[in-house]
Amino acid sequence: LERLMAQLNALQKRRQSGVVTMAILLVVFTFIFYVTSSRVEPVIYSFYLGDEWKLISEWKIGSKSGVMIFLIFALIGVTISFIQFKNNKKITLGSLIFGFGSIMAFLSWAAAGKFIPLTGLLQAAVLLAVPLIFGSMAGLLCEKSGVINIAIEGQLLFSAFVSAVVASLSQNLILGLISAPIAGALVSWILAYFSIRFQVNQVILGFVINVLVLGLTNFFYTVLLVPYESTWNAAGSFSAIPIPVLSKIPVIGPILFNQTIIVYLMYLIVTVIQIALFKSKWGLRTRAIGELPIAADSVGIDVNKLRFRNVLIAGAVAGVGGAVFTIGAVGVFSQSMTAGAGFIALACLIFGKWNPKGALIAALFFGFTNSLQSNLSIAGVPIPSEFMLMIPYIATIIAVSGLIGRVRAPAADGIPYLRGTK
């Protein structure tokens with residue numbers, strides 16, 4: 001066995017660890033959710049919100065039966081992962097099936113005797129994931145260019161503040177939305193100016209920017225938004241825009257095609273970033289200055305100019321995500337309302353291994369856990385809501401600690417570039 005382990009390369013060892021971890025978790029879940037559980041009350045899953053075509057209205061199943069069915073799905077996922085590992089292939093498909101089965105087994109166990117609006121839960125998950133997606137895309141653009149962006153939190157918070165104020169003063173939500181990326185780019189300008197021109201430590205600078213934005217927004221909130229709320233903090237919010245025909249598709253329609261304009265912008269921006277980063281000259285140059293800037297410089301690319309431009313673009317992307325907190329949701333600004341979303345977005349970036357698709361999936365996972373926590377609390381599930389609130393942050397710790405496997409940031413990430421140096 002030791003000889004076999006020695007022959008495994010690092011990638012194979014990570015895949016093997018993943019398969020072993022899933023198998024251990026499956027045993028634990030089976031013991032907790034099925035073997036020791038005495039819950040037999042039915043769980044009702046609702047698939048119909050009211051406006052889409054009705055394929056199936058609801059599914060009623062006993063708690064223990066549901067747990068058994070979904071644990072079988074998890075077992076299939078472990079089996080597929082094992083087969084993929086033996087064939088020296090990625091275990092992504094098996095991991096996804098295992099994750100789906102495990103989450104649904106937990107839901108069937110936790111929500112015994114309760115009503116779960118599954119379509120509504122997933123619809124809310126997408127909306128909650130949107131600012132994380134924008135934030136992780138902003139971090140991606142910066143770090144692919146070689147600049148560490150710890151200031152995502154500040155970009156989200158400042159753009160949320162500005163969008164609410166502009167929309168309130170103008171009584172125009174579109175103007176509020178337009179102002180959000182400008183606000184995000186302004187915060188990014190501070191990051192770019194000091195980190196690129198003066199080579200200030202990018203991590204420390206990011207935290208300083210976050211504290212600066214927090215202080216500024218708290219000050220103006222106290223001085224202007226509280227005493228003059230009807231003028232300065234009454235923006236309102238965008239309504240959902242159902243896309244004809246597509247929004248009528250059962251389950252999928254309400255989740256993806258009955259959202260606000262900001263969610264639709266997210267679809268567009270993520271697609272553009274994915275294509276541009278890997279299929280365009282700009283994307284090739286961006287990845288070059290993040291991996292080996294001296295080589296990019298040798299072929300005539302102005303490394304620092306392109307970095308500066310990309311950091312500004314990243315700030316604008318984060319700015320749109322910040323607008324979600326105000327004009328995309330509650331319609332008013334409140335102190336510290338981003339609540340660490342920028343740091344979770346950074347974790348999504350690491351979780352997704354500096355890839356747009358990976359970051360998107362990670363952000364959707366975090367959004368789902370938040371939505372699940374809210375729905376279980378409303379349903380009166382006898383599990384402390386604080387425990388559910390911990391899940392995104394536990395996942396964040398897992399991401400940044402490297403337990404998800406080896407993740408490699410761009411080689412020049414966080415390293416200032418001076419012409420003539422390696």
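## A look at Ser-371

Ser-371 counts as buried, because its relative accessibility is just 1%, under the 20% cut-off for that label. Keep in mind that this is a predicted model.

Where along the chain does Ser-371 sit? Its place is in helix H17, which covers residues 356-379. Setting aside neighbours within four places in sequence, Ser-371 is in contact with Leu-121, Ala-124, Ala-125 and Leu-128.

## The overall fold

Zooming out, the chain has 18 helices and 5 strands. Its radius of gyration is 23 Å, close to the 22 Å from the globule rule for 422 residues, so the chain is as compact as a globular protein of that length. Along the principal axes, the C-alpha atoms fill a box of roughly 65 × 65 × 40 Å.

As for how the chain packs against itself, take the contacts with a separation of 6 or more: 74% of them are between residues 24 or more positions apart. Buried residues account for 47% of the 422 in the chain, and Ser-371 is one of the buried ones.

## Surface and charge

What about the outside? The chain has an accessible surface of about 19,900 Å². Carbon and sulfur atoms make up 70% of that area.

On the charge side, there are 28 positive side chains and 13 negative ones. The centres of these two sets lie 13 Å apart.

Technical notes: Residues are numbered from 1 along each chain as its sequence is written. This is a predicted model: local features need pLDDT of at least 70, side-chain atom pairs count only at pLDDT 80 or more; totals for chains, interfaces and linings use all residues. Side-chain values use heavy atoms; hydrogens and water are left out. Helices (H or I, at least four residues) and strands (E, at least two) are DSSP runs, numbered from the N terminus. The radius of gyration is taken over C-alpha atoms; the globule rule is 2.2 Å times the number of residues to the power 0.38. Buried means under 20% relative accessible area, exposed over 50%, partly exposed in between (1.4 Å probe, protein chains only). Contact means heavy atoms within 4.5 Å. Accessible areas come from the Shrake-Rupley method with a 1.4 Å probe; for residues, only the protein chains shown count as cover. Lys and Arg count as positive and Asp and Glu as negative; His and the chain ends are not counted. The place of a charge is taken as NZ of Lys, CZ of Arg, CG of Asp or CD of Glu.
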